[in-house]
Amino acid sequence: MVLEATVICLDNSEWMRNGDFLPSRLEAQHDAVNLISGSKVQSNPENTVAVMTMSGGADVLVTLTPDLGKVLTSLHKVSVKGTLNLVTAIQIAQLALKHRQNKNQRQRIVAFVGSPIDNEEKELVRLGKRLKKNNVSVDIVNFGEEADNTAKLEAFISAVNNKDGTSNLVTVPPGPHILSVDDGRGEE
């Protein structure tokens with residue numbers, strides 16, 4: 001039972017209207033956020049979860065809170081707009097983690113990426129090294145555009161990972177799957 005502060009970053013770009021994940025990519029993300037945030041909060045009562053969007057200007061919908069109701073309510077505020085800016089969104093998520101109330105919590109970012117990444121691989125690697133320096137773990141769920149994004153995201157995750165290997169990249173092929181990521185306890 002790890003004491004952890006987690007920021008969940010949702011991709012709300014125009015690509016989320018696609019129906020290759022049932023009923024849409026955006027709704028599949030909502031189901032996964034429900035599972036992940038519920039798992040985090042139930043594993044330790046002092047764990048906190050925040051939710052933010054990454055497209056159309058990165059917005060923090062809910063700051064770090066142990067209240068699962070606030071997290072789930074914030075999902076209804078997500079609207080499809082703009083294009084994905086992964087670097088800016090992760091920087092904002094890192095800033096939200098930096099200002100957490102309980103400094104004993106480990107820092108984790110869970111990002112859902114379902115649209116092509118416009119950022120250069122060099123930018124992502126530089127950001128990954130900064131996150132590694134600040135002890136921030138990153139889990140990325142790559143879905144929808146895995147052919148375009150996999151190489152960039154693998155370089156990013158290898159830059160973030162330390163010898164413990166606490167950061168993960170999960171690539172989910174299209175189909176009736178539930179988008180999920182290893183929550184650190186060996187469970188999906």
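**View 1. E4, a buried acidic residue with a lysine partner.** In this predicted model, E4 is buried, at a relative accessible area of 7%. Its partner is K40: the two form a salt bridge whose closest N and O atoms are 2.6 Å apart. K40 sits in helix α1 (residues 25-43) and E4 in strand β1 (residues 4-10), so this contact ties together parts that are 36 residues apart in sequence. K40 counts as buried too, with 4% relative accessibility.

**View 2. R25 and D20 meet side chain to side chain.** Here we turn to another pair. A salt bridge links R25 with D20, at 2.8 Å from N to O. Is R25 buried or exposed? R25 is buried, with a relative accessible area of 2%. D20, by contrast, counts as partly exposed: its relative accessibility is 24%, and the partly exposed class lies between the 20% and 50% cut-offs.

**View 3. R25 also reaches E145.** The side chains of R25 and E145 meet in a salt bridge as well, with N and O 3.1 Å apart. R25 belongs to helix α1, while E145 lies in the loop between β5 (136-143) and α5 (146-160), so the pair ties together parts that are 120 residues apart in sequence. E145 is buried, with a relative accessible area of 13%.

**View 4. A network of shared partners.** Which residues are joined into one network by salt bridges that share partners? They are E4, K40, R108 and D139. E4 and K40 are the pair from the opening view, with their 2.6 Å contact. For the wider picture, the salt bridge count comes to seven.

Notes: Residues are numbered from 1 along each chain as its sequence is written. This is a predicted model: local features need pLDDT of at least 70, side-chain atom pairs count only at pLDDT 80 or more; totals for chains, interfaces and linings use all residues. Side-chain values use heavy atoms; hydrogens and water are left out. A salt bridge is a side-chain nitrogen of Lys or Arg within 4 Å of a carboxyl oxygen of Asp or Glu. Helices (H or I, at least four residues) and strands (E, at least two) are DSSP runs, numbered from the N terminus. Buried means under 20% relative accessible area, exposed over 50%, partly exposed in between (1.4 Å probe, protein chains only).
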